[in-house]
Amino acid sequence: MKLHLATSKDKQFRKHLQYIQIKGGFIYATNCHILAKIPVQDIFGDQFTTEDEYYIHSEDWKKQGFYKLTDFKKNGNLLEGYDKKWNLQGIIKMKTKEEFDYIGTFPNCDSVIYSQDQPLEPVSQIGFNPSLLMDLAEAIGEDMGRLVFNFYGTLKTIQVKPKNSQKIGILMPIDINL
């Protein structure tokens with residue numbers, strides 16, 4: 001999955017958002033405009049536990065071509081990526097939480113994800129950046145035709161969810177009445 005597309009490109013002010021977070025059984029990538037949340041097993045199988053917390057720089061993810069690989073093996077703080085024939089294609093050194101704390105604080109992404117128990121509000125008009133939607137769809141590895149959109153209010157996040165999946169994408173709306 002192209003998780004690097006959901007991370008920040010701002011090297012000066014948002015260094016901490018250039019990372020992909022693995023925490024609590026999920027993988028998070030965000031640039032504050034979009035958010036991808038994917039069950040860790042969807043990408044890495046059983047290589048990580050729910051207690052693990054690691055950070056992978058998005059440029060490493062992209063440069064190593066990890067978004068194209070099918071199999072992974074965790075060896076301490078090293079993540080090895082393999083192709084379909086189990087040929088080693090690259091190795092990334094992951095940062096632990098302690099190492100990452102020197103860079104910044106990763107946001108609590110779950111705080112902006114609405115649960116399905118929360119009521120949907122009527123929305124007369126809402127806008128969003130279509131290129132961000134395309135990046136989000138690629139980051140969570142889904143075809144646009146398989147996505148379900150939940151609108152929780154005019155200026156509340158738009159939840160983008162693939163049908164029959166635990167993956168979640170968040171897209172920040174644009175107030176088109178300005």
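Which residue in strand 11 is the bridge partner of Ala36? The partner is Gly169. The close-ups below place this pair in its surroundings. The model shown is predicted.

**Figure 1. An open sheet of eight strands.** The strand order is 8-4-1-2-3-11-10-9, and the pairing is antiparallel. Strand 8 (95-96) and strand 9 stand at the edges. Each has a single partner strand, so one side of each is left without a neighbour in the sheet. Helix 4 lies across strand 3, strand 9, strand 10 and strand 11. The helix runs at about 15° to strand 3.

**Figure 2. Strand 11 (residues 168-171), covered on both faces.** In a regular strand the side chains alternate between the two faces of the sheet. Strand 11 has Ile168 and Ile170 on one side. Gly169 and Leu171 are on the other. All four residues are buried. Four bridges join strand 11 to strand 3, and the two run antiparallel. The pair Ala36 and Gly169 belongs to this view. Strand 10 is joined to strand 11 by three bridges, also antiparallel. Here Ile158 stands opposite Leu171. Five residues lie between the strands in the hairpin of strand 10 and strand 11. Asn164 in this hairpin takes a positive phi near 55°.

**Figure 3. Strand 2 and its two hairpins.** Strand 2 is mostly covered, with four of its five residues buried. Strand 1 pairs with strand 2 in the antiparallel sense over three bridges. Gln21 has Tyr28 of strand 2 as its bridge partner. The hairpin of strand 1 and strand 2 has two residues between the strands. Its Gly24 takes a positive phi near 60°. Strand 2 and strand 3 are joined by five bridges and run antiparallel. Ala29 is bridged to Ala36 in strand 3. Ala36 is thus named twice in these views: its partner in strand 11 is Gly169. The hairpin of strand 2 and strand 3 has three residues between the strands. Cys32, in the turn, has a positive phi of about 80°.

**Figure 4. Strand 1 beside strand 4.** Five bridges join these antiparallel strands. Lys23 stands opposite Glu53 in strand 4. Strand 1 and strand 4 also reach the largest pocket: each supplies at least two residues of its lining.

**Figure 5. The largest pocket.** About 190 Å³ of space lies in this pocket. Fifteen residues line it; the closest to its centre are Gln21, Lys23, Phe106, Pro107 and Asn108. Gln21 also appears in the pairing of strand 1 with strand 2, as partner of Tyr28. Lys23 is the residue opposite Glu53. Helix 3 (97-100) supplies at least two lining residues, as do strand 1 and strand 4.

**Figure 6. The largest nonpolar core, and another core apart from it.** The largest core has 32 residues. Those with the most contacts inside it are Leu3, Ile22, Phe44 and Trp61. Elements that give two or more residues include strand 1 (19-23), strand 2 (26-30), helix 1 (40-44) and strand 4 (53-57). Strand 3 (34-39), helix 4 (130-139) and strand 10 (158-162) do so too. Which element gives the most to this core? Helix 4 does, with five residues. Another core, of ten residues, lies apart from the largest one. Among its members are Tyr28, Leu35, Ile113 and Ile170.

**Figure 7. Phe44 and its contacts.** Leaving aside neighbours within four places in sequence, Phe44 is in contact with Ile22, Ile27, Trp61, Phe72 and Leu79. Ile22 and Trp61 are, with Phe44 itself, among the residues with the most contacts in the largest core.

**Figure 8. An open sheet of three strands.** The order is 5-6-7, with antiparallel pairing. Strand 5 (71-75) and strand 7 (88-93) are the edge strands, and each pairs on one side only. Neighbouring strands of this sheet are turned by 20° against each other on average, direction ignored. Five bridges join strand 6 (residues 78-82) to strand 7. Tyr82 has Leu88 in strand 7 as its bridge partner.

**Figure 9. Leu155 in a loop.** Leu155 is found between strand 9 (147-151) and strand 10. Is this residue buried or exposed? Leu155 is exposed, because its relative accessible area is 57% and the cut-off for exposed is over 50%. Leu155 and Val123 are 32 residues apart in sequence. In space, they are 9.5 Å apart, C-alpha to C-alpha.

Technical notes: Residues are numbered from 1 along each chain as its sequence is written. This is a predicted model: local features need pLDDT of at least 70, side-chain atom pairs count only at pLDDT 80 or more; totals for chains, interfaces and linings use all residues. Side-chain values use heavy atoms; hydrogens and water are left out. Two strands pair if DSSP finds at least two bridges between them. Axes are lines fitted to C-alpha atoms, for helices over the stretch in contact, and angles run from 0 to 180 degrees between N-to-C directions. A nonpolar core is a set of buried Ala, Val, Leu, Ile, Met, Phe, Trp, Tyr and Cys residues joined through side-chain atoms within 4.5 Å. Buried means under 20% relative accessible area, exposed over 50%, partly exposed in between (1.4 Å probe, protein chains only). Contact means heavy atoms within 4.5 Å. On a 1 Å grid over the protein atoms alone, a cavity is a set of points where a 1.4 Å probe fits but cannot get out, and a pocket is an open set with protein on both sides within 12 Å along at least five of seven lines; lining residues have an atom within 4 Å of a point. Grid points are joined across faces, edges and corners, and a volume is the space filled by probe spheres set on the points.
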